[in-house]
Amino acid sequence: MRLIDGTPQEIAEFLRLTQGEEDPDAGAPGDVDADASGESAGGALDWTQIAELVSGRARSPEIATRVLDFLRGAVALGGVEIGPGESERTHDGRTDYVMVRDAGVRRFGAVAYVKATNGGLTLRLTREDVVDVDDRAISFRNVRAGHQYVVNCPLRDEAAVQVALTLVQLALAKVRQ
């Protein structure tokens, strides 16, 4: 663990400079494999463990609340599984993001990745998938043509959480076709 001392602006600048070119709105890791079957989900966790993982990694209680609200809403849609990814770089072997997956046959990876640290959310949707959804909460990743994880919807407030749940429904419908 690294402790950082400074004003909020200094800390934000430090994080921006030290986190590379990663999109702060994204929930997915930069190298997500769009066609991964996703067999490894970081191990099955119960809700208490998911809540501890999110709360332990979130930069603020407000971010943790929005991430957990989103995950509860996603699970309430039915036919959904959630779980963290795996990492050799963390003390507990889990990533900073939680995956949302279709509980059916896994032909694709996660439909959404939500980053517990900052509430970033990336969905398995393209620009074409959201042409009928007009909301300021939606942004797009700058990724190669043909990439399936293009849509971001950072969980900045409760309205964004609701938009994100609508987008998860679109992503689930897409992988269930």
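**View A. Pairing of Val80 with strand β2 in the predicted model.** Val80 has Asp102 of β2 as its bridge partner. The strands concerned are β1 and β2, the latter spanning residues 94-102, and their antiparallel pairing extends over 6 bridges. Strand β1 comprises residues 80-86 and is mostly covered, with 5 of its 7 residues buried.

**View B. The open sheet and its edges.** The sheet contains 6 strands in the order β1-β2-β3-β4-β6-β5, and the pairing is antiparallel. Strands β1 and β5 form the edges, each pairing on one side only. In a regular strand, side chains alternate between the two faces of the sheet.

**View C. The junction of β4 and β6.** Strand β6, made up of residues 151-152, runs antiparallel to β4 and is joined to β4 by 2 bridges. Within this pairing, Thr122 stands opposite Asn152 of β6.

**View D. Surroundings of Thr126 in the loop between β4 and β5.** The loop that holds Thr126 lies between β4 (121-123) and β5 (139-140). Thr126 is classed as buried because its relative accessible area is 11%, under the 20% limit for that class. The side chain of Thr126 makes a polar contact of 3.1 Å with the side chain of Glu128. Leaving aside residues up to four places away in sequence, Thr126 touches His147, Gln148, Val150, Val151 and Lys174. Of these contacts, Val151 belongs to strand β6 (residues 151-152).

How values were computed. Residues numbered from 1 in each chain as written. Predicted model: local features only at pLDDT ≥ 70, side-chain atom pairs only at ≥ 80, totals over all residues. Heavy atoms only, no water. Buried < 20%, exposed > 50% of the residue type's maximum accessible area, 1.4 Å probe, protein only. Helix = DSSP H or I, 4+ residues; strand = E, 2+ residues; numbered from the N terminus. Pairing = 2+ DSSP bridges. Polar contact = N/O pair within 3.5 Å; in protein donor to acceptor, adjacent residues only side chain to side chain. Contact = heavy atoms within 4.5 Å.
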